[in-house]
Amino acid sequence: MLRYLRVDGYSATTHLIRDELRVGLTGLLGKPPTFSDTIREGTLIAGSPGSSPAIASMGMERGLDIRPDGFVIRTVRHENHNVIAIASPSEIGALYGTFHFLRMLQSERPIERLNIHERPRLDLRMVNHWDNLDGTIERGYAGRSLWKWPIDVKGDQRGRYLAYARANASLGINGMVLNNVNANPRILDGSYLQQIEKLAALWRPYGLRVYLSANFSAPVTLGRLASADPLDPAVIEWWKKKADEIYALIPDFGGFLVKANSEGQPGPRDYGRTHAQGANLLANALAPHKGTVIWRAFVYDEDIDPDRAKRAYIEFMKLDGQFRPNVLLQIKNGPIDFQPREPFHPLFGALKQTPVIAEVQATQEYLGQAKHLVYLGTMWKEFLESDTQAKGPGSTVGRVLEGSVNPQPVTGMAGVLNCGSDANWCGHHFSQANWYAFGRLAWDHTLSAEAIANEWIRQTFGNNPKVISILGEMMMASREIFVNYTMPLGLHHLIGGDHYAPMPWNAEAQRRDWTAIYYHQASPEGIGFDRTRGGGGDKAVEQYFPAVCDLFDNLATCPERFLLWFHRLPWNHVMPSGRTLWQELCGRYQQGAENVGRLQEGWMALTPLIDQQRHREVAARLAIQVADAAKWRDQILAYFQRFSGMPIPAV
Ligand code: BDP
């Protein structure tokens, strides 16, 4: 059916479409397609009305709500021939459609009688890199930074830079933050901006816009001003000039991501100003250029409230309505910090006049880093499907992000990626599935975690049914297994500084809320953080809408997965299973550790079906995971047993 290829136009993006189809179809169909000037039977036509007269004459995308980035893929009769057309209002959309078509071919989806139309549900689909200028990556587990300073886009990194952009574009990712949120102010220096301009130019045809993390005190450190006070005219002028300088180099620069007054970073509160005043300072500087400020809600100053989980909500609710229109508030999925399991952040749905985007983390900082096989598609789906009840049932986080609960002019989602110089990009072969899943969910959060895993497996390991079914089961089970052997039943932050190994006894850190005992509060009387509205509770639960608040607050209805997040219970509390809390806890750890063995068995059963190198590399990591899961089980249970005083039931 598919014999000829026609891609009109001369822009950089149409060249990419042509190249991707040539390379992709050659690989997938076994022989290169023939480029044709005329339209014949079995032609694949791709493009946008602006670049392709054939696409323009078909008018397929007219009248469809597919936004500029969306696309249509259809089998159509054109000039008496059966053809496949990939059409989009924009060239970038046609590139996305091209990748979608290749994904279908690679995963053996039928391509007869196609009638697909896709549109991204969110406007901004962006990855955040926590890369430092010295080549290290904060919470990166896959080698050194991909960006080699001084940047040379023509040198030996060129292939890697292009492959990076292709990977993102194939998922519809359209923004990237180049540097760590703990930002070195020097990234805003002209000498760096000139280098960043080269990357921006290289990635532009892929629809990937560059953003930078900005350090709030850059006017002082870089500009040698006496202050960075957002109301100081000299500071206002400095940021305005800086924005002008950036846009003169990079006309489509995305904007700034800012971590302010968080974990030692400078911010407006240093000058007695609010987060809104700080964000608006930068927003005003970027506004003439249509740039965006992405202000992070990850703040937890101790003077706000004794409970870290409550602080961001308290700070930002009172600022709702005070931000300039080009400010987006970037909120982590949960109220603490990328834990293996958290309830959704109560700010979702609660802010009515401030556009919000979600921040999730693909780099697995608290989820086994690059050593454990943990597929995060299921975790993010749990988050996206959480019902905030902001406007009654069905007000899921996904719908909040789309702007269909509280309208917002711009929508989006960010994923902390931290891929690096390792040949497999992410350290663990399966961590790549998290990059993939992030991109797919940012495009369409209604896709199922299972469907995404299935696509990824087919494209990564081939279409063998046994491989698909075993790996699918492993991936789908993996996050719950991880939660069970690390922090089940709503426990969180049972770690120390490396965020990898168990450290429930961790009582000494620079701050109380960086210890583990602050969170689990284990004592002979029981375990858990009382965040209920009752007697001893700190009422954090009241930050949720009433129906959700009731659900979590009531011991009888609180989902078991959040039990010790919201409730403090005696060790002999009887669980729905009939077991005591202590027995249940032991059971979870034991089950979790045992199930890692199942993951390993699954992988070993695939030995003949996976190439040797990848099989060996994943097997080596699974061996580490099995050993470390047992450590988690043993060390945590031995520690908690000191308080429960009860025997650990035999398995
Ligand atoms: C924490 C990380 C820390 C980050 C911080 C953040 O441990 O390295 O700087 O999040 O998101 O989870 O700002």
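1. A disulfide here means a pair of cysteine sulfur atoms within 2.5 Å. By that test, this predicted model holds 0 disulfides. Take C426: the nearest cysteine sulfur belongs to C419 and is 5.5 Å away, so with the 2.5 Å limit C426 is in no disulfide. C558 is no candidate either, because its sulfur sits 11 Å from the closest cysteine sulfur, that of C549, which is too far for a bond. Both residues are tucked away, by the way: C426 is buried at a relative accessible area of 10%, and C558 counts as buried at 7%.

2. On to the nonpolar packing. The largest nonpolar core has 202 residues, and the members that touch the most others are F101, Y164, W203, W239, W295 and F640. Helix α19 (residues 612–644) supplies the largest share of this core, with 10 residues. There is also a second, separate core of 12 residues, with A54, M60, V72 and A87 among them.

3. Now the pockets. The largest pocket comes out at about 780 Å³. It is lined by 20 residues, and those closest to its centre are Q106, A167, S170, Q432 and Q459. If you want to find it by element, look at α1 (12–29), α3 (91–106), α4 (158–169), α12 (432–443) and α13 (449–461), each of which gives two or more residues to the lining. By residue type, that lining splits into 11 nonpolar, 6 polar and 3 charged.

4. The second largest pocket holds about 550 Å³ of space. Its lining counts 27 residues, with D123, L124, N174, R209 and Y211 closest to the centre. Here the elements giving two or more residues are α3, β7 (124–128) and β9 (209–213). The split for this lining is 13 nonpolar, 6 polar and 8 charged. Helix α3 is worth a look in both cases, as it appears in the list for the largest pocket and in the list for the second largest.

5. Strand β1 (residues 4–7) deserves a glance too. In a regular strand, side chains alternate between the two faces of the sheet. In β1 both faces are covered: Y4 and R6 are buried on one side, and L5 and V7 are buried on the other. As for its partners, β1 pairs with strand β3 (residues 43–47) in the parallel sense over 4 bridges, and R6 has I45 of β3 as its bridge partner. Strand β2 (residues 34–35) also runs parallel to β1, joined to it by 2 bridges, with Y4 standing opposite T34.

6. Last, some backbone geometry you may want to check by eye. Most residues other than glycine have a negative phi, and most peptide bonds are trans. The bond from W149 to P150 is cis, with omega near -5°, and P150 lies in the loop between β7 and α4.

7. Two residues other than glycine have a positive phi worth listing: R113, near 45°, and Q369, near 50°. R113 lies in the loop between α3 and β6 (115–118), while Q369 lies in the loop between β13 (356–361) and α10 (377–384). Are these two buried or exposed? R113 is exposed, with a relative accessible area of 75%, whereas Q369 counts as buried at 9% relative accessibility.

Key
Residues numbered from 1 in each chain as written. Predicted model: local features only at pLDDT ≥ 70, side-chain atom pairs only at ≥ 80, totals over all residues. Heavy atoms only, no water. Core = buried A, V, L, I, M, F, W, Y, C linked by side-chain atoms within 4.5 Å. Buried < 20%, exposed > 50% of the residue type's maximum accessible area, 1.4 Å probe, protein only. 1 Å grid on protein atoms, 1.4 Å probe; cavity = no way out; pocket = protein on both sides within 12 Å on 5 of 7 lines; lining within 4 Å. Points joined across faces, edges and corners; volume = space filled by probe spheres on them. Nonpolar A, V, L, I, M, F, W, Y, C, P; charged D, E, K, R; others polar. Pairing = 2+ DSSP bridges.
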